[in-house]
Amino acid sequence: MNMKTIAVFFGGRSVEHEVSVITGMQVIENLDKTKYVAVPVYVTKEGRFLGGESLKNFKTFKSGDFSGTFDVYFKTDMHDRKLYYTTEEKGGLFSKGGEKEVVYADVDMVFTALHGTFGEDGSIQGYFDTLNIPYIGCSTLSAAVGMDKKTMKDVFRSHGIPVMNGESFYRREWREDKDKVKAAIEKIGYPVFVKPANLGSSIGISKVKDPSELDEAMDLACQYDRKILVEEAAENPREINCAVLGYAGDVMTSALEEPLGWKDLLSFEDKYVSGNKKTGGSKEGNARNCPANVEEGLKKEIEELAKKAFTAIDACGTARIDFLVNEKGTFVNEINTLPGSMGFYLWEPLGIPFGELLDRVIAYGEIRAGERGENMYSYESNLFSKTGYGSKL
């Protein structure tokens, strides 16, 4: 069997940097060692690509000691999928010293474990598309749509998928004409949630119960994005989450999960510090029932809506769709196109262990890359010989 080299990208220029490191470590640990060679690529908070075997050890990140790492890079040749680094060589009796270029890895596929901005939002996907390097997960477009909460929900509405009522505002609008923005929010009706349009892990999100709390919430959201989504708050909702795996209509749903012990908003700490996504345990009493105790009719409704949301944005690989359920109905809150820990805990109840989930995600990435490779990207028009541009005026 030919071993495939998988470059696992994690970290990134995002407020979800640390979460991404954990996901990257989990992916490297759980990739089938008989099928894949995992090559770590750590993207620093400044955007540098670092390589090195020490990046496979979580102690490197806990200690902050990156002395065993080096900068790696792709070249701009679309036929070259190698990652390189340079090293200093000392001169000898008959040779000159200087920099030498060395191959770090000959990459078959990139596993993007980058959460949030510059990783989950289509940015890195566009970079890999330009270099003709296959990668797992969503395409540039579907990743971008899935990341921008306003655009995502516009797409969902166009597909008849129920979402909460809301409106978006630009940071400039808020700063230049607060009264106009406040009047528009008043029409939505309090309480509302104020959210940066392009962010995850509940960072920058506030529940606003009345106008006196709006300024602080909007100012906080404006620190993280130029576009702010303000939505009607669902009253006394259950949050139920469902993952989808597949591509282009060939999709399946996971077990359902239900976070418990929360009131208005699951914070970053609730998601990643207090609780444990695998066991659901938490000293604060937050827990996640998985599989969730959901009656059959609601279960089927959520599963169908999850598939519909996944295919509406043309997602690929695996994604988690989060729902809000109350007496008014079932609403899609958002889609996470790169869930923390790849949402492995949602698939284990179906008999799909983490390693097999990664196998399937890689396989779907190969299918999507193969389809893209069938497209023609040039057209012989002989236009230069037919135009007078450049002739003497």
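Which residues does N336 touch, not counting residues up to four places away in sequence? In this predicted model, N336 touches E120, A319, R320 and D322. N336 sits in strand β17. The fold around this strand is described below, followed by the annotated positions.

Strand β17 belongs to an open sheet of 5 strands. The strand order is β15-β14-β13-β16-β17, and the pairing is antiparallel. Two strands form the edges, β15 (287–289) and β17 (329–336). Each of these edge strands pairs on one side only. From one strand to the next, the twist averages 30°. Helix α10, residues 296–312, packs on the sheet. The helix touches β13, β14 (250–260), β16 and β17. Its direction makes about 135° with that of β16.

In the sheet order, strand β13 stands between β14 and β16. With β16, the pairing is antiparallel over 10 bridges. Here β13 spans residues 238–247 and β16 spans residues 316–326. Two residue pairs illustrate the register. Y247 stands opposite C316 in β16. V244 stands opposite A319 in β16. A319 is also one of the residues touched by N336.

On its other side, β13 pairs with β14, again in the antiparallel sense, over 6 bridges. The bridge partner of C242 in β14 is L256. The two strands form a hairpin with 2 residues between them. In this hairpin, A248 takes a positive phi near 55°. Of the 10 residues of β13, 9 are buried, so the strand is largely enclosed by the rest of the structure.

Three residues of β16 and β17 carry a record annotation. In an unreviewed entry, UniProt lists D322 and E334 for "binding site". The feature "binding site" is also placed by UniProt, in an unreviewed entry, at E334 and N336. D322 lies in strand β16. E334 lies in strand β17, as does N336.

Are these positions buried or exposed? D322 has a relative accessible area of 3%, and is therefore buried under the 20% cut-off. E334, at 13% relative accessibility, also counts as buried. N336 is buried too, with a relative accessible area of 13%.

The contacts of these residues link the two strands to other parts of the chain. Neighbours within four places in sequence are left aside throughout. D322 is in contact with E239, I240 and N241, and β13 covers residues 238–247. D322 also contacts F331, V332, N333, E334 and N336; strand β17 covers 329–336. The contacts of D322 thus include both E334 and N336.

E334 touches R320, I321 and D322, and β16 covers residues 316–326. K149 and M152 are further contacts of E334. N336 touches A319, R320 and D322. E120 is another residue touched by N336. R320 is among the contacts of E334 and among those of N336.

Technical notes:
Residues numbered from 1 in each chain as written. Predicted model: local features only at pLDDT ≥ 70, side-chain atom pairs only at ≥ 80, totals over all residues. Heavy atoms only, no water. Pairing = 2+ DSSP bridges. Helix = DSSP H or I, 4+ residues; strand = E, 2+ residues; numbered from the N terminus. Axes fitted to C-alpha atoms, helices over the stretch in contact; angles between N-to-C directions. Contact = heavy atoms within 4.5 Å. Buried < 20%, exposed > 50% of the residue type's maximum accessible area, 1.4 Å probe, protein only. UniProt positions renumbered as here; feature names shortened; annotations may be inferred.
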